[in-house]
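User: Could you take a close look at one part of this model for me? I'd like a connected account that begins with how the metal is held and then follows the chain outward from there.

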Amino acid sequence: MQINRLSDALGAEITGIDVGALDDQKFATIHAAFLEHQVLVFRDQSLAPDAQVAFSERFGPIETRPNRPYILPDVPEITVLSNRRADGDPVGVINAGDFWHTDLSFAEIPSRATFLYALEVAEEGGDTEWSNMYLAYETLPEDTKRRIEGLRGVHVFDRRKNPRTRVDAQYAANPDAVYGLPIPDATHPMVRTHAQTGRKSLFVSPRFVVGIDGMDDALAQPLLDELFDHQTRPEFRYRHTWRKGDLLMWDNSCLIHIGRGNIKPPGIRHMHRTMVLGDRPR
Ligand SMILES: [Fe+2]
C-alpha cells in the first residue's frame with residue numbers, strides 16, 4: 001500500500017490496495033490516514049455495491065434517511081449520482097452538491113464520512129473540490145475566533161429558506177417533493193472539535209447555514225458572509241478530477257466540499273454514494 005499526499009491543503013492517494021478485501025491491520029492504516037489527510041483517494045477499485053456498503057460500515061452506521069431520491073434498487077444504502085437519463089428521466093441526482101457544504105449538516109447527527117465511487121466518468125467536467133476547515137479556523141483573525149466562540153449556526157435543508165442558494169433545476173417542477181420533506185432545522189457549534197483528532201475546525205457552510213442561533217440577522221449575516229468568504233481561500237483547497245474506479249472518502253467533520261458540475265455532453269458521470277453517521281457536533 002502506497003500513500004501519497006495530493007496537495008498542501010489536504011488529501012492523499014492510496015494505491016496498491018483493494019478496499020473490498022481489507023484485514024484489520026490495513027484498515028487501521030487507512031483509518032489513521034483518513035484522520036490525517038481528510039480526503040482519501042483509492043485508485044483502480046472494482047467495488048460491488050455490497051462491498052462499498054461493507055467498507056463504509058467500518059466507519060459508522062450507514063445513513064438510510066427515508067425518502068432520499070435515487071436510491072439504488074436492492075441496495076438502499078446507496079444513492080446514485082448520475083447525469084444519465086433513461087427514457088428521458090434522470091436515473092440519479094444530477095447536480096449533487098453545487099454549493100459549498102458539509103454532508104447532512106442539517107441533521108442533528110450529521111455525516112461523519114461520505115464515500116463516492118466512480119463507475120463512469122466524463123471526459124471533461126464533474127470535478128469535486130474540498131476545503132480544509134481546520135486551516136480555515138486556525139487562520140481566522142483572533143478577534144473573529146473570539147466572536148464565534150460558543151455561537152451556533154442554524155442549518156436548514158430547505159433551499160427555499162436560503163437566499164444564498166437556489167432550488168435545483170432537477171426539482172424545479174415540484175420543489176416541495178424534495179425540499180418540503182419534514183426535516184427539522186438543526187443548530188451546531190460554529191467551532192467544532194473533532195471527535196477523534198481533538199482539533200478545532202470551522203463548521204459552517206453557505207449551502208446549509210442560514211443564520212446564527214439567537215443573533216439578529218443584521219449582525220449575523222455580515223459575520224456569516226465574512227466566514228463564507230474566508231473558508232474557501234485557495235490555499236485551503238484540493239480539486240479532484242475523477243478517474244473511473246476511484247473510490248473517494250472524506251471527513252465531513254472538518255471539510256466543506258462542492259461539486260463543480262459542467263459535464264461536457266455526451267459525457268456520462270455515474271457514481272455510487274454511501275454516507276455514515278458520526279457524532280453530535282460539539
Ligand atoms: Fe456533498
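Analyst:
**The iron site and the strands that lead away from it**

Along the sequence, the residues that donate to the iron ion follow the spacing H-x1-D-x153-H. His101 sits in the loop between β7 (89-90) and β8, while His257 belongs to strand β17, so this pair ties together parts that are 156 residues apart in sequence. Please keep in mind that this is a predicted model. The atoms involved are NE2 of His101, OD of Asp103 and NE2 of His257, and these protein donors lie 2.1 to 2.2 Å from the iron ion.

Are the two histidines buried or exposed? With a relative accessibility of 6%, His101 counts as buried, because the cut-off is under 20%. His257 is buried too, at 4% relative accessibility.

Let's start on the His257 side. Its strand, β17, belongs to an open sheet of three strands, ordered β15-β9-β17 and paired in the antiparallel sense. Because β15 (237-240) and β17 (255-259) each have a single partner strand, they stand at the edges, and one side of each is left without a neighbour in the sheet. From one strand to the next, the twist averages 20°. The strand between these edges is β9 (residues 128-132), and it pairs with β15 over four bridges, in the antiparallel sense. One of the residue pairs here is Ser131 with its bridge partner Arg237 in β15.

Ser131 also takes us to Gln231, a residue in the loop between α6 (217-230) and β15. Gln231 has 0% relative accessibility and counts as buried. Beyond its close sequence neighbours (within four places), Gln231 is in contact with Ser131, Met133, Ala136, Leu202, Val204, Ser205, Pro206, Phe236 and Ile256. Ile256 falls within the range of β17, the strand that carries His257. The side chain of Gln231 has a polar atom 2.9 Å from the backbone oxygen of Val204. Gln231 and Leu135 are 96 residues apart along the chain, and their C-alpha atoms are separated by 8.5 Å.

A second buried residue to look at is Ser201, which lies in strand β13 (residues 200-202) and has a relative accessible area of 1%. Setting aside residues up to four places away in sequence, Ser201 touches Met133, Tyr134, Tyr137, Met190, Val191, Arg192, Ser253 and Cys254. Met133 is thus a contact of Ser201 and of Gln231. A polar atom of the Ser201 side chain lies 3.3 Å from the backbone oxygen of Ser253.

Now for the His101 side. The loop that holds His101 leads to β8, and β8 is part of an open sheet of eight strands with mixed pairing, in the order β1-β2-β3-β16-β8-β18-β5-β4. The edges are β1 (2-5) and β4 (71-72), each with a single partner strand, so one side of each has no neighbour in the sheet. Between β8 and β18 there are eight bridges, and the pairing is antiparallel. Across this pairing, Tyr117 stands opposite His272 in β18.

Next to His272 in sequence comes Arg273, also in strand β18. Its relative accessibility is 17%, so Arg273 still counts as buried under the 20% limit. Arg273 and Thr114 are 159 residues apart along the chain, yet their C-alpha atoms are separated by 7.1 Å. Leaving aside neighbours within four places in sequence, Arg273 contacts Thr114, Phe115 and Leu116, along with Gln52, Glu77, Ile78, Thr79 and Leu81.

Gln52 brings in helix α2 (residues 49-57), whose buried residues are Gln52, Val53, Phe55 and Ser56. Viewed down the α2 axis, these fall within an arc of 165°, so they line one face of the helix. They pack against α1 (24-37), β3 (39-42), β5 (75-82), β8 (111-120), β16 (247-251) and β18 (270-277). As a whole, α2 lies across β3, β4, β5, β8, β16 and β18, at about 30° to β18. Helix α1 lies across β1, β2 (12-15), β3, β8 and β16, and it runs at about 130° to β3.

To pull the two sides together: the iron ion has donors in His101, Asp103 and His257, with His101 in the loop before β8 and His257 in β17.

Terms used: Residues numbered from 1 in each chain as written. Predicted model: local features only at pLDDT ≥ 70, side-chain atom pairs only at ≥ 80, totals over all residues. Heavy atoms only, no water. Pairing = 2+ DSSP bridges. Helix = DSSP H or I, 4+ residues; strand = E, 2+ residues; numbered from the N terminus. Axes fitted to C-alpha atoms, helices over the stretch in contact; angles between N-to-C directions. Buried < 20%, exposed > 50% of the residue type's maximum accessible area, 1.4 Å probe, protein only. Arc of directions from axis to C-beta. Contact = heavy atoms within 4.5 Å. Donors = N, O, S within 2.8 Å, 3.2 Å for Na, K, Ca; no water. Polar contact = N/O pair within 3.5 Å; in protein donor to acceptor, adjacent residues only side chain to side chain.
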